Amino acid sequence: MVMLRKLKRTQEQWGGSSDVIDHWLDSRQRLIVEFCKLAALQPTSSKTAVVELPTPAELQHFCGELVDYISEGHFKIYDMVMDKWRSTGFEATDEINDTYGKIVLTTEPLLNFTDKYAAVSDDETLDDFDADMSEIGEVIEERFEVEDRLIQLIADSLAIPPGA
């Protein structure tokens with residue numbers, strides 16, 4: 001899957017440069033694995049074309065992972081970065097703040113997905129599931145691309161002492 005290949009490139013480029021970045025990429029990998037599990041549920045090739053939809057438990061688990069990832073990015077990762085910067089005297093630039101703002105814009109559609117699917121029951125038909133998974137996959141990919149830009153900015157900022 002494309003997301004996994006991009007993650008591998010990001011890990012190769014930035015992995016090991018910072019505990020913060022390593023932690024962020026590990027969290028991303030867990031989310032991608034869970035997304036792939038749900039996305040793998042495809043119609044069978046039989047003439048009846050039976051569609052295997054995720055169970056409520058599978059949906060709840062994915063939604064939990066998604067909320068954890070979002071929360072961790074907004075709070076834990078950001079706090080880790082800020083602590084690291086404070087220790088070196090670095091201040092966030094406008095470019096870093098703008099990039100973070102683009103990440104925030106992806107939060108609402110992701111949370112809307114979790115609101116819709118975290119508490120489904122066995123008797124719900126999930127008519128929009130395929131379209132919603134496709135849309136959420138695009139939003140997640142967009143978020144990862146912007147996060148990669150932020151990771152680059154963070155790594156660059158942590159590599160250069162303030163005033164250098």
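**Exercise 1.** Explain why α3 and α4 are roughly antiparallel to each other.

*Solution.* Step 1: a quick word on what you're looking at. This is a predicted model, where local features need pLDDT of at least 70 and side-chain atom pairs count only at pLDDT 80 or more, while totals for chains, interfaces and linings use all residues. Residues are numbered from 1 along each chain as its sequence is written, and side-chain values use heavy atoms, with hydrogens and water left out.

Step 2: find the angle. α3 and α4 (helices here are DSSP runs of H or I, at least four residues, numbered from the N terminus) pack at about 170 degrees, and their axes are 13 Å apart. The axes are lines fitted to C-alpha atoms over the stretch in contact, with angles from 0 to 180 degrees between N-to-C directions.

Step 3: compare with the cut-offs. Under 35 degrees is roughly parallel, over 145 roughly antiparallel, 65 to 115 roughly perpendicular, and the rest oblique. So α3 and α4 come out as roughly antiparallel.

Step 4: look at who touches whom. G73, H74, Y78 and W85 of α3 meet I96, Y100 and V104 of α4 (contact means heavy atoms within 4.5 Å). Sorted by class, that gives five nonpolar, two polar and no charged residues. Ala, Val, Leu, Ile, Met, Phe, Trp, Tyr, Cys and Pro count as nonpolar, Asp, Glu, Lys and Arg as charged, and the others, Gly among them, as polar.

**Exercise 2.** Describe how α2 packs against α3 and against α1.

*Solution.* Step 1: start with α3. Helix α2 (residues 19-39) and helix α3 (residues 56-88) have axes 10 Å apart, at an angle of about 165 degrees. That makes α2 roughly antiparallel to α3. This contact has 12 nonpolar, three polar and seven charged residues.

Step 2: turn to α1. The axes of α1 and α2 come within 10 Å and cross at roughly 170 degrees. These two helices are therefore roughly antiparallel as well. From α1, the contact uses M3, L4, L7, T10, Q11 and W14, while α2 brings I21, D22, L25, R28, Q29, I32, F35 and C36. The class count here is nine nonpolar, three polar and two charged.

**Exercise 3.** Find which residues of the largest nonpolar core touch the most other members.

*Solution.* Step 1: know the rule. A nonpolar core is a set of buried (under 20% relative accessible area; exposed is over 50%, partly exposed in between; 1.4 Å probe, protein chains only) Ala, Val, Leu, Ile, Met, Phe, Trp, Tyr and Cys residues, joined through side-chain atoms within 4.5 Å.

Step 2: pick out the hubs. There are 43 residues in this core, and F62, L66, F113, Y117 and I140 touch the most other members. α6 gives the most to the core, with 12 residues.

Step 3: zoom in on I140. Leaving aside neighbours within four places in sequence, I140 is in contact with M3, F35, F62, L66 and L110.

**Exercise 4.** Decide whether L150 and T106 are buried or exposed, and list their contacts.

*Solution.* Step 1: L150 is in helix α6. With 5% relative accessibility, L150 counts as buried. Skipping neighbours within four places in sequence, L150 is in contact with W24, I96, T99, Y100 and I103. L150 and T99 are 51 residues apart in sequence, and 6.2 Å apart in space, C-alpha to C-alpha.

Step 2: T106 sits in the loop between α4 and α5. At 2% relative accessibility, T106 is buried. Again skipping neighbours within four places, T106 is in contact with V139, E142 and R143.
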